[in-house]
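The following exercises concern a ligand site and the packing of helices. Each task is followed by a solution in steps.

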Amino acid sequence: MKVRPPALDEPLSEFDVEVECLLQAMFLRWGFDFRGYARASLRRRVARYLSEERFDRVCDLQHELIHSEQRSQHFLRGLTINVTDMFRDPVFYKVLREQVIPDLRSHPFLKIWHAGCSTGEEAYSMSILLQEEGLSDRAVIYATDINSQVLERARIGIYHEKQWLVACENYREGGGKTRLEDYMSLGYERFMVDPVLKKNMVFTRHDLVTDQSFGEMHLILCRNVLIYFRHELQERVLTLFYDSLDLGGYLGLGIKESLRAAPVHHNFRTVDAATRVFQRTH
Ligand SMILES: C[S@@+](CC[C@H](N)C(=O)[O-])C[C@H]1O[C@@H](n2cnc3c(N)ncnc32)[C@H](O)[C@@H]1O
């Protein structure tokens with residue numbers, strides 16, 4: 001008789017079973033819990049990791065994962081997808097400016113959380129927006145990610161010039177009020193964020209699967225992260241955001257992500273359906 005884990009209802013190949021064992025080992029040994037991630041992309045990343053690191057057999061990787069914390073950290077970095085941009089999906093920032101910021105102005109201070117901030121472009125985009133809206137002095141931005149390596153790059157805030165044109169275009173389309181050059185120094189095939197943008201910004205490691213909520217946020221952005229999670233995990237993380245939001249606080253998801261996954265969706269109103277901006281109403 002075949003026995004399958006209840007959460008996995010598709011037929012499993014031998015490789016799929018080996019991947020399940022790797023995920024279990026990562027969790028049991030180091031507490032990194034990828035078991036709730038969507039399988040198709042996770043399996044592709046495991047296959048790529050095996051080939052890049054020249055492992056012929058999954059069991060060899062599994063042995064190293066169990067015995068070496070360094071390997072487990074490296075593997076974790078291989079499992080996360082960190083693609084991002086300044087002012088990514090610029091219409092989202094327009095909606096923030098026009099439909100969220102006017103309401104947030106009434107608060108004497110603002111707490112904003114970027115969950116899954118990757119290399120920091122999204123958090124710096126927010127910092128620019130707050131400056132332009134005259135709110136930066138009363139705001140704290142918490143920028144978190146599971147991957148410590150991308151967080152370190154976020155803290156440094158230096159990006160390759162090949163991202164520059166897209167950044168400028170996005171900034172304009174997102175309702176930018178001056179020129180992106182006003183917030184960056186350019187040179188040596190890089191651009192660097194002005195230190196003033198880092199004021200009131202806290203970069204810290206936080207795992208959405210295993211860590212607790214942050215309290216009383218006025219705005220939470222978690223964009224293009226839930227898409228990598230299975231339904232049950234999306235539900236858990238959306239409940240975590242609900243618990244972390246002040247009443248009247250706002251939540252921004254990625255344009256392919258939905259709040260409908262969670263029972264807490266009854267406690268939100270939709271501010272803008274296309275850009276997935278919601279407000280906690282209960
Ligand atoms: C595709 S990036 C999105 C970056 C940015 N939010 C954006 O939309 O451009 C996804 C990020 O989620 C992070 N991530 C994945 N699993 C996570 C978890 N369990 N807790 C916190 N961050 C996680 C990854 O490390 C990665 O940096």
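**Exercise 1.** In this predicted model, determine which side chain has an N or O atom 3.0 Å from a nitrogen atom of the ligand, and describe the surroundings of the ligand.

*Solution.*
Step 1. The side chain is that of Asp 207, with an N or O atom 3.0 Å from a ligand nitrogen.
Step 2. Backbone atoms also take part: an N or O atom of the Leu 208 backbone is 2.9 Å from a nitrogen atom of the ligand, and for a backbone N or O atom of Ile 146 the distance to a ligand nitrogen is 3.3 Å.
Step 3. On its own the ligand has 610 Å² of accessible area, of which the protein covers 99%.
Step 4. There are 20 residues around the ligand, and those that come nearest are Tyr 37, Thr 84, Arg 88, Asp 145 and Asn 224.

**Exercise 2.** Classify the packing of helix H1 against helix H2 and characterise the residues in contact.

*Solution.*
Step 1. H1 spans residues 14-30 and H2 spans residues 39-52; their axes lie 11 Å apart, at an angle of about 85°.
Step 2. H1 is therefore roughly perpendicular to H2, because angles of 65 to 115 degrees fall in that class.
Step 3. H1 contributes Phe 15, Asp 16, Val 19, Glu 20, Leu 22 and Leu 23, which meet Arg 39, Leu 42, Arg 43, Val 46, Ala 47 and Leu 50 of H2.
Step 4. In the contact of H1 with H2, eight residues are nonpolar, four are charged and no residue is polar.

**Exercise 3.** Carry out the corresponding analysis for H1 and helix H3.

*Solution.*
Step 1. The axes of H1 and H3 (residues 58-67) cross at roughly 5° and come within 9 Å.
Step 2. H1 is therefore roughly parallel to H3, because angles under 35 degrees are classed in this way.
Step 3. On the H1 side the contact includes Phe 15, Cys 21, Met 26 and Trp 30; on the H3 side, Val 58, Leu 61, Gln 62, Leu 65 and Ile 66.
Step 4. The residues of the contact of H1 with H3 comprise ten nonpolar, one polar and two charged.

Note on methods. Residues are numbered from 1 along each chain as its sequence is written. This is a predicted model: local features need pLDDT of at least 70, side-chain atom pairs count only at pLDDT 80 or more; totals for chains, interfaces and linings use all residues. Side-chain values use heavy atoms; hydrogens and water are left out. Axes are lines fitted to C-alpha atoms, for helices over the stretch in contact, and angles run from 0 to 180 degrees between N-to-C directions. Helices (H or I, at least four residues) and strands (E, at least two) are DSSP runs, numbered from the N terminus. Angles under 35 degrees count as roughly parallel, over 145 as roughly antiparallel, 65 to 115 as roughly perpendicular and the rest as oblique. Contact means heavy atoms within 4.5 Å. Ala, Val, Leu, Ile, Met, Phe, Trp, Tyr, Cys and Pro count as nonpolar, Asp, Glu, Lys and Arg as charged, and the others, Gly among them, as polar. A residue is near a molecule or strand if one of its heavy atoms lies within 4 Å of it. A polar contact is a pair of N or O atoms within 3.5 Å; within protein, one must be able to donate a hydrogen and the other to accept it, and residues adjacent in sequence count only if both atoms are side-chain atoms. Accessible areas come from the Shrake-Rupley method with a 1.4 Å probe; for residues, only the protein chains shown count as cover.
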